[in-house]
Amino acid sequence: MTSRTHMKRKEVDDVLGGDEMWKHADSTDTSCDKCNNRRAFFYQLQIRSADEPMTTFYRCTKCHYQWREN
């Protein structure tokens, strides 16, 4: 008989610093897909190889929806 252990998958935001990461983030003009707000916090990380562009993470200042652009 084989036993299985179910592991909970970590949220990406937790791995990248959670809410603490957003406390000192700059904001920019961009459009939120959820609420159409025109302002979002952002930060950039190099999550792929050095010859690839940085990934920009956004968080809406109004509804807190999060997305990224590669």
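Four strands form an open sheet in this predicted model. Their order is E1-E2-E3-E4, and the pairing is antiparallel. Which strands stand at the edges? They are E1, residues 26–29, and E4, residues 66–69. Each has a single partner strand, so one side of each is left without a neighbour in the sheet. The strands are also turned against each other: for neighbours in this sheet, the average is 35 degrees, with direction ignored. In general, strands of a sheet pair through backbone hydrogen bonds, either parallel or antiparallel.

Start at the E1 edge. Strand E2 covers residues 39–45. E1 and E2 run antiparallel and are joined by 4 bridges. Look for Asp26, and you will find Phe42 of E2 standing opposite.

Now move into the loop between E1 and E2, where Thr30 has its place. Is Thr30 buried or exposed? Its relative accessibility is 19%, and buried means under 20%. Therefore Thr30 counts as buried. Leave aside its neighbours within four places in sequence, and Thr30 is in contact with Asn37, Arg38, Arg39, Ala40, Tyr58 and Trp67.

Next comes the nonpolar core. Nonpolar side chains tend to be buried together in soluble globular proteins. Which residues make up the largest nonpolar core here? It has 5 residues: Cys32, Ala40, Tyr58, Cys60 and Trp67. Take Cys32 from this core. Not counting residues up to four places away in sequence, Cys32 touches Asn37, Cys60, Cys63, Tyr65 and Trp67. Thr30, back in the loop, touches core residues too, including Ala40, Tyr58 and Trp67.

Terms used
Residues numbered from 1 in each chain as written. Predicted model: local features only at pLDDT ≥ 70, side-chain atom pairs only at ≥ 80, totals over all residues. Heavy atoms only, no water. Core = buried A, V, L, I, M, F, W, Y, C linked by side-chain atoms within 4.5 Å. Buried < 20%, exposed > 50% of the residue type's maximum accessible area, 1.4 Å probe, protein only. Contact = heavy atoms within 4.5 Å. Pairing = 2+ DSSP bridges. Helix = DSSP H or I, 4+ residues; strand = E, 2+ residues; numbered from the N terminus. Axes fitted to C-alpha atoms, helices over the stretch in contact; angles between N-to-C directions.
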